[in-house]
Amino acid sequence: GRGTAWPSMERTTVLITGCSSGIGLGLAARLAADTTRRFKVYATMRDLAKGERLLERLGGCCPDTLEVLQLDVTDPRSLAAAAQRVQGQRLDVLVCNAGVGLMGPLETCSDQAMKTLFDVNLFGTVRTIQAFLPAMKSRRAGRIIVSSSIGGLQGLPFNAVYCASKFAVEGLCESLAIVLRPFNIHLTLVECGPVHTSFLANLQRPDPEGSEMRGLDAATQGLYRRYLWHCQSIFRDAAQEVEEVLPVFLEAIGSPCPPLRCASTQLLAPLWPLRLSSPDGSAYVRAMHDFVFGGSEAGGDQP
């Protein structure tokens, strides 16, 4: 990208989690196919059978710029094996991209679903950084890029547990970045918005007409139906393609001094200043409610 200073003429070694689809797949393919062969990419995924998609993107064969590894961020043994595989390589860039979603009224979120979400989104990120950070510290060089979300910066309706996991990731990374300054390790959060990937199709969410919703009050059911309609319109009108998001990751990889946060979308940018101008949060809550459900407090499906 413009203004990007790629590190040295040696190959930059990059390990990416969550490469079976979406942003991880797109980023791994883009770096591995770089015409100047600047990168050595370790593309990791929980299920290696899904690696075929990545190879198809690269013309059906695995170039020497790419190695596909099994890595499940919820399994410490799997992480240890992947770290062992790249041991001896200088890992320049770690991209923590594995993540899952959970949508719906809070009352419908099971303990198991919430634990699984945090195990991937928060603890999976912690484990991954723990596995590769010591080598970066000993070299006093490296960068860590974490796929975050605008839902890590502000609450989104019917995404309470997902946003909680991403708020936690934001706190983790901001705290860690302070300590990493003397080690010349840059940590960057990429704040993604809606992207056309399989993420939405794969996330757990109750059917608005399903059995999970039957015990809920009618007003919450109505709000949830309206939220799903809102999501459909947002994905139709404002969601980005993976290729539109990748330049933000490439800039974070190549910039001499990348920021702690960079946004891939300006979708909710008009609401961001409210966090500062109204620090008690009430203005943001009102504005987000109006953005999603309309301006009227009364009416149809409102409580």
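A nonpolar core is here a set of buried Ala, Val, Leu, Ile, Met, Phe, Trp, Tyr and Cys residues that are joined through side-chain atoms within 4.5 Å. In this predicted model, the largest such core has 33 residues, and those with the most contacts inside it are Ile16, Leu27, Leu31, Val41 and Phe249. The elements that give two or more residues to this core are E1, H1, E2, helix H2 (52–57), E4, strand E6 (185–192) and helix H8 (242–254), with H8 providing the largest share, eight residues. Apart from this core lies another, of 29 residues, which includes Ala82, Leu176, Ile185 and Leu187.

Strand E1 is a useful place from which to follow the structure. Because five of the five residues of E1 (residues 12–16) are buried, this strand is largely enclosed by the rest of the structure. The cover extends to both faces, since Thr12, Val14 and Ile16 on one side are buried, as are Thr13 and Leu15 on the other.

E1 pairs with strand E2 (residues 39–45) in the parallel sense over five bridges, and in this pairing Thr12 stands opposite Phe39 of E2. Together with helix H1 (residues 22–32), E1 and E2 make a right-handed β-α-β unit. E1 is also joined by three bridges to strand E4 (residues 93–96), again running parallel, and here Ile16 stands opposite Val95 in E4.

Ile16 thus brings the description back to the core, being among the residues with the most contacts inside it. Leaving aside neighbours within four places in sequence, Ile16 is in contact with Gly24, Leu27, Ala28, Leu31, Val41, Tyr42, Ala43, Thr44, Val95 and Asn97.

Note on methods: Residues are numbered from 1 along each chain as its sequence is written. This is a predicted model: local features need pLDDT of at least 70, side-chain atom pairs count only at pLDDT 80 or more; totals for chains, interfaces and linings use all residues. Side-chain values use heavy atoms; hydrogens and water are left out. Buried means under 20% relative accessible area, exposed over 50%, partly exposed in between (1.4 Å probe, protein chains only). Helices (H or I, at least four residues) and strands (E, at least two) are DSSP runs, numbered from the N terminus. Two strands pair if DSSP finds at least two bridges between them. A crossover is right-handed if, with the strands pointing away from the viewer, the path from the first strand over the helix to the second runs clockwise. Contact means heavy atoms within 4.5 Å.
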